[in-house]
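Trainee: Could you walk me through how to read the features of a model like this one? I would like the general idea each time, and then the case in hand.

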Amino acid sequence: MDTIRITLPDGSTQQVPRGSTAAEIARRISPRLAEEALVARVSPALGSADGEELVDLRRPLEQDSRLAILTEKDPPALEIFRHSAAHLLAAAVLELFPDVKLGVGPPIEYGFFYEFLRDQRFTPEDLERIEAKMRELAAQNIPNERKLLPKAEALELYRKWGQGFKCELVEEKANEPMVSFYTTGKFIDFCRGPHIPSTGRIRAFKLMNVAGAYWKGEEGNPQMQRIYGACFFTQAELDDYLHRLEEARRRDHRRLGPELDLFSIQEEAGPGLIFWHPKGGLVRKLMEDWLREELLRRGYQLVFTPHIMRLDLWKTSGHTNFYRENMFGPMEVEKADYQLKPMNCPGHILIYKSRLRSYRELPIRLAELGTVYRYERSGVLHGLLRVRGFTQDDAHIFCMPEQIESEIEACVDFAFALLRTFGFDRYEVELSARDPAHPESYAGTAEDWARAEGALVNTLERMKIPFKKMEGEAVFYGPKIDVKLVDAIGRPWQLTTVQFDFNLPLRFGLEYVGEDGGRHQPLMVHRALWGSIERFFGVLIEHYTGAFPVWLAPVQAEVLPVSEKFTDYARKVTDKLIAAGLRAHLDDRNEKVQAKIRDAQLQKVPYMLVVGGKEAQAGTVSVRHRSKGDFGPKPFDEFLADLRREVDARVTT
RNA sequence: GCCGAGGUAGCUCAGCUGGUAGAGCAGACGAUUCGUAAUCGUCAGGUCGCCGGUUCAAUCCCGGCCCUCGGCUCCA
């Protein structure tokens, strides 16, 4: 008999008839495995993992292969599982709304979505009905079957059915004569697969919301209704995900900001513009103090530049060509156009150009907490994280080519020091290169770009920092290194950026006199570590759930007299703390201690000092910590010294 | 900018498809003088996002605009 040889992950082999399926092999191994199997991973018997692919359990195996049968224990199976859930969603929607036009339905990070075009909108009640229908179809355990059709026949099928988007997909994606389809009951979908064998296993899911999305993500295209669902192997994992969403809501800086009186956004003033209240302003001041000191220590010089400058400057820099859609419109003053600055670089360049520079001065590192204004489309604004006016901790480094790698290294090192100081210990690094397919979106020659990208790669490799290369993510004037920090609940945030620029020095004709007495062109590095103070502050609020570490807390100790009789002693304690440079506040309201504690607790004040008769007598304070609870009485001087130490050490917990 | 959902007191939210609004918390005042997450009482507080229309009458219906939220696209 014609047999093939199957090698399993444990190294054992089986001889099976040619055309056997993974499902059959699973059954031979164990009934349990057959039951749990979701999808198969096969690769040619010999050779590398290159030919590896995921296939349906029912796909016949035609040659000697290595085979792994994937179950819920194998993470790669989750994507397939979610993709099948997307098909289940589409099948349910078609049952209830047979006239919808289908778009695409891929798995996503936490589940899946499917897009539909329909005249009426899907209401929350519709979603409930759809979810119920999905559960009904899942209970019927309908098989997901793969079919092959000639391309022409496939197009004909969709044309008759009136599924124009699907025709478009078949036209574009099918480059072989036969194209694959999957059916789930009456639902038939052009799809590469693979899928799990049947719908019965899909239980732990929940339809989340419906949102508009352009067909193929392109703005000119019709807008589909995209139904999103969360989906996991088990209910426990789904619950965990929903719990994490809840946790994220609890930390939301847009809620905590006003609650803790840190900042506000005022409709009267306009969207995307931030008002820093006294407490937020104090945190910002502390952040800035740390940064300025660190900048000076690391050889930067602090500068200040105007907020509006002649439009011509922005023509020279190339912003009017490459950045116009993010700029506020120019304003006319005495017949000249002026531009509100969207970036700080031209200002720093003018300072560089203000006199002839010698190679002996380089590198010149100009730093500014520079406030910039960018026109962001209304739909993208988001609390402190995406705004129209913000302050960058910006700096531009002018240097010679042979200094570039050490400068970039110093920037990355600075960035890591900053992350540690503010309590972040996880990060991801990305290197953004240009998109070779669209050279018109970038300034400079291909050689410049290759050299610049090389310098960034060298630096990261020398520092042994793992990174992901992202093609097409570069800014118009050069490639960049971005550092994403990962917060307390595992979310990445893009903040730090270190950008290489060989373009602006050329445009502005920057030069320095070299050792040889000749004129040379310097290179430029743009870098921002927080990125924007507003954004970083937002991330900080969420990272700490508003409970800032003591060195950053707007109020470090709230003094709570037990009754009005002890206000005098409480005031003395408060004044002494303030005189020692600490941030204390006296709660002398006519309230019970319980109420004062509750309020201080809700304001996330690190230390509450309860004082009454005993304390006044002994010169102590009863210390309560916002998360560690009651510490009991402590001599006042001792508390002050402890607090001082904690602040000076910038303890981040 | 686009699609969808919203906007009622400082905050969180009620308000039965039309008869100009209510609660809790916060605030002011008074009482209470209190020991580790809310003391009691009284009072005050609203062009129901803005503008226009329909109607005897609009928080409610219609149109436009502003803002917020969830996405798309874009980004520090």
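Trainee: Let me start with a cysteine: is C411 buried or exposed?

Mentor: C411 counts as buried, because its relative accessibility is 0%. Please keep in mind throughout that this is a predicted model.

Trainee: How many disulfides are there?

Mentor: The general idea comes first. A disulfide is a covalent bond between the sulfur atoms of two cysteines. In this structure the count comes to zero disulfides.

Trainee: Why does C411 have no bond to its closest cysteine sulfur?

Mentor: That closest sulfur belongs to C399, and because it is 9.2 Å from the sulfur of C411, it is too far for a bond. C345 can be read in the same manner. Its closest cysteine sulfur is the one in C411, 14 Å away, so this pair is too far for a bond as well. C345 is also buried, at 1% relative accessibility.

Trainee: Let us step back to the whole chain. What does the secondary structure of chain A come to?

Mentor: Chain A has 20 helices and 33 strands. Along the principal axes, its C-alpha atoms fill a box of roughly 95 × 75 × 55 Å. Of the 653 residues in chain A, 52% are buried.

Trainee: Which residue could serve as an exposed example?

Mentor: Try K173, which is exposed with a relative accessible area of 54%. K173 belongs to helix α6, residues 164-173. To get a feel for distances, take K173 together with D289: they are 116 residues apart in sequence, and their C-alpha atoms are 56 Å apart in space.

Trainee: Now the RNA. How many residues surround RNA strand B, and which are the closest?

Mentor: There are 55 residues around RNA strand B, and the closest are Q223, R386, N590, R598 and E615. Of the RNA atoms that come within 4 Å of the protein, sugar and phosphate account for 49%.

Trainee: Which polar side-chain atoms lie by the bases?

Mentor: Look at R386, E564 and E615, for example. A polar side-chain atom of R386 lies 2.3 Å from a base oxygen of RNA strand B. For E564, the distance from a polar side-chain atom to a base oxygen is 2.9 Å. E615 has a polar side-chain atom 2.3 Å from a base nitrogen. Several elements give two or more residues to the surface near the strand, among them β12 (205-214), β13 (223-231) and α19 (613-618).

Trainee: Which element gives the most to that surface?

Mentor: That is α18, with seven residues. By class, the surface near RNA strand B has 18 nonpolar, 17 polar and 20 charged residues.

Trainee: How should I read aromatic pairs?

Mentor: A pair of aromatic rings is described by the distance of the centres and the angle of the planes. A search of the whole structure finds 27 aromatic pairs. One of them joins F97 and F122, with 5.4 Å from centre to centre and 75 degrees between the planes, an edge-to-face pair. F97 is in the loop between α3 (76-96) and β6 (101-102), and F122 is in the loop between β8 (111-117) and α4 (124-139), so the pair ties together parts that are 25 residues apart in sequence. Both F97 and F122 are buried.

Trainee: What kind of pair do Y114 and F187 form?

Mentor: Their ring centres are 6.3 Å apart and their planes are at 80 degrees, so this pair is edge-to-face. Y114 lies in strand β8 and F187 in strand β11 (residues 187-190), and the pair links these distant parts of the chain, 73 residues apart. Y114 and F187 are both buried. For a bigger picture, find the cluster in which ring pairs link W290, F422, F424, W530, F536 and W551.

Trainee: Where does the charged end of R298 sit?

Mentor: It sits over the ring of F414, 4.4 Å from the ring centre. The charged end of R357 sits over the ring of Y352, with 5.4 Å to the centre.

Trainee: Last topic: the backbone.

Mentor: Most residues other than glycine have a negative phi, and most peptide bonds are trans. Here, the peptide bond from G193 to P194 is cis, with omega near 0 degrees. P194 is in the loop between β11 and β12. The bond from L362 to P363 is also cis, with omega near -5 degrees.

Trainee: And what is phi of E334 near?

Mentor: It is near 45 degrees, a positive value in a residue other than glycine. E334 counts as exposed, at 78% relative accessibility. T545 has a positive phi of about 50 degrees although it is not a glycine, and T545 counts as buried at 8% relative accessibility.

Note on methods. Residues are numbered from 1 along each chain as its sequence is written. Chains are lettered from A and ligands numbered from 1 in the order in which they are written. This is a predicted model: local features need pLDDT of at least 70, side-chain atom pairs count only at pLDDT 80 or more; totals for chains, interfaces and linings use all residues. Side-chain values use heavy atoms; hydrogens and water are left out. A residue is near a molecule or strand if one of its heavy atoms lies within 4 Å of it. A polar contact is a pair of N or O atoms within 3.5 Å; within protein, one must be able to donate a hydrogen and the other to accept it, and residues adjacent in sequence count only if both atoms are side-chain atoms. Helices (H or I, at least four residues) and strands (E, at least two) are DSSP runs, numbered from the N terminus. Ala, Val, Leu, Ile, Met, Phe, Trp, Tyr, Cys and Pro count as nonpolar, Asp, Glu, Lys and Arg as charged, and the others, Gly among them, as polar. A disulfide is a pair of cysteine sulfur atoms within 2.5 Å. Buried means under 20% relative accessible area, exposed over 50%, partly exposed in between (1.4 Å probe, protein chains only). Rings of Phe, Tyr and Trp (its six-membered ring) pair if their centres lie within 6.5 Å; planes under 30 degrees apart count as stacked, over 60 as edge-to-face and the rest as tilted. A charge sits over a ring if NZ of Lys or CZ of Arg is within 6 Å of the ring centre and within 35 degrees of the ring normal.
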